Amino acid sequence: VFRSAVALLVPALTAGLGTWVILGLMGALGEPITLTGMILPSALLALGSAYVMHVLVAARGLREPARLVAAVADVASPIALSGLTTAVGFFAIMTIRIDAIRALGGYGGVGVLVVMAAALTVAPALLALVPLPESGGALDRGIRQRVGRPLLAALVARRRAVILGWVALLAVSGAGIARIEVET
C-alpha cells in the first residue's frame, strides 16, 4: 500500500519488539506456553501492527520532526484508547478460574499495553530516522479516493438502511448464539 520497505519493517519491528518483551516476561516468570496461550504472540503482532498503521498513515511524507510530532500526536489518543480498551478486555478474562485462561488474560493485557507503547514510541522514532514517501501505490490511492470517501458518503446517505441491516444481522446471529454449546 505504501510502496516502501520502511512500511513493512516498522510495524514488524515494533509489534515484534512488544511481543518479544512479553514472551521474555513469561519466560522470566516461569509461565509456560499453553494451548490457549499459543494465540498470544499472533494476537499481539496483529494488534501492534494495527496500531502502527495509524502512525504510518499520519506520518506519510513527513520529514520535518515538528510535523511528524504533530501528525503522530493527532493519532496518539485513538491508538491509546484502542489499546486501553483492548487491554481491559484481556484483563477481564483473568476473572475466569482456569489457570491457562487467567494467564492469557493477564499477559495479554500487559502485552497489549506494551505493543501500544511501542507503537507510540518506537514507530515514530524509526520514522524520524527513515521517513515514508508521501505517495503510495495504486492500492493506496484506490482505498483513499475510490473506496473510502464514496463508500462513507453512501453509508451516511443511507444510514437508516445500514442500521436496519445490522439490526437484522444481529437478530439472525442471536438465533445462532442461542444454539452454542460449551465444551472443554
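Just after helix H2, Gly 61 takes a positive phi of about 75°. The model is predicted, and this briefing follows H2 outward to the helices around it. H2 covers residues 39–59, and its buried residues pack against helix H1 (5–28), helix H3 (65–93) and helix H4 (99–129). The protein chain as a whole has 6 helices and 0 strands.

**The chain as a whole**

- Along the sequence, the elements of the protein chain follow the pattern α-α-α-α-α-α.
- Taken along the principal axes, the C-alpha atoms fill a box of roughly 50 × 50 × 25 Å.
- The protein chain has 184 residues, of which 29% count as buried.
- Among contacts with a separation of 6 or more, 78% join residues that are 24 or more positions apart.

**Helix H2**

- H2 has 21 residues, and the distance from its first C-alpha to its last is 30 Å. That is close to the 30 Å expected at 1.5 Å a residue.
- The buried residues of H2 are Leu 40, Leu 44, Gly 48, Tyr 51, Val 52, Val 55, Leu 56 and Ala 59. Seen down the axis of H2, these buried residues fall within an arc of 155°, so they line one face of the helix.

**H2 against H3**

- Two packed helices are described by the angle between their axes and the distance between the axes.
- The axes of H2 and H3 come within 8 Å of each other and cross at roughly 165°. An angle over 145 degrees counts as roughly antiparallel, and H2 and H3 are therefore roughly antiparallel to each other.
- The crossing of H2 and H3 is right-handed.
- On the H2 side, the residues that meet H3 are Leu 47, Tyr 51, His 54, Val 55, Ala 58 and Ala 59. Their partners in H3 are Leu 68, Ala 71, Val 72, Val 75, Ile 79, Ser 82, Gly 83, Thr 86 and Phe 90.

**H2 against H4**

- The axes of H2 and H4 are 9 Å apart, and the two helices pack at an angle of about 30°. That makes H2 roughly parallel to H4, since angles under 35 degrees count as roughly parallel.
- The crossing of H2 and H4 is right-handed.
- H2 meets H4 through Ile 39, Leu 40, Leu 44, Leu 47, Gly 48, Tyr 51, Val 52, Val 55, Leu 56 and Ala 59.
- The residues of H4 on the other side include Leu 104, Tyr 107, Gly 108, Gly 111, Val 112 and Val 115. Met 116, Ala 119, Ala 123, Pro 124 and Leu 127 of H4 also take part.

**Two residues of H1**

- Val 10 lies in helix H1. At 4% relative accessibility, Val 10 counts as buried because the cut-off for buried is under 20%.
- Not counting residues up to four places away in sequence, Val 10 touches Val 52, Leu 56, Ala 123, Leu 126 and Leu 127. Val 52 and Leu 56 are among the buried residues of H2.
- Val 10 and Leu 127 are 117 residues apart in sequence, and their C-alpha atoms are 7.8 Å apart in space.
- Thr 19 also has its place in helix H1, and Thr 19 is buried, with a relative accessible area of 5%.
- Leaving aside neighbours within four places in sequence, Thr 19 is in contact with Pro 41, Leu 44, Leu 45 and Val 115. Of these, Leu 44 is one of the buried residues of H2, and Val 115 is one of the H4 residues that H2 meets.

**One residue of H3**

- Val 75 is found in helix H3 and is buried, with a relative accessible area of 17%.
- Leaving aside neighbours within four places in sequence, Val 75 is in contact with His 54, Val 55 and Ala 58. These three residues of H2 are among those that meet H3.
- From C-alpha to C-alpha, Val 75 and Leu 120 are 9.2 Å apart in space, while in sequence they are 45 residues apart.

Terms used:
Residues are numbered from 1 along each chain as its sequence is written. This is a predicted model: local features need pLDDT of at least 70, side-chain atom pairs count only at pLDDT 80 or more; totals for chains, interfaces and linings use all residues. Side-chain values use heavy atoms; hydrogens and water are left out. Helices (H or I, at least four residues) and strands (E, at least two) are DSSP runs, numbered from the N terminus. The expected span of a helix is 1.5 Å times one less than its number of residues. Buried means under 20% relative accessible area, exposed over 50%, partly exposed in between (1.4 Å probe, protein chains only). The arc is that of the directions from the helix axis to the C-beta atoms. Contact means heavy atoms within 4.5 Å. Axes are lines fitted to C-alpha atoms, for helices over the stretch in contact, and angles run from 0 to 180 degrees between N-to-C directions. Angles under 35 degrees count as roughly parallel, over 145 as roughly antiparallel, 65 to 115 as roughly perpendicular and the rest as oblique. A crossing is left-handed if the near helix is turned anticlockwise from the far one by less than a right angle, and right-handed if clockwise.
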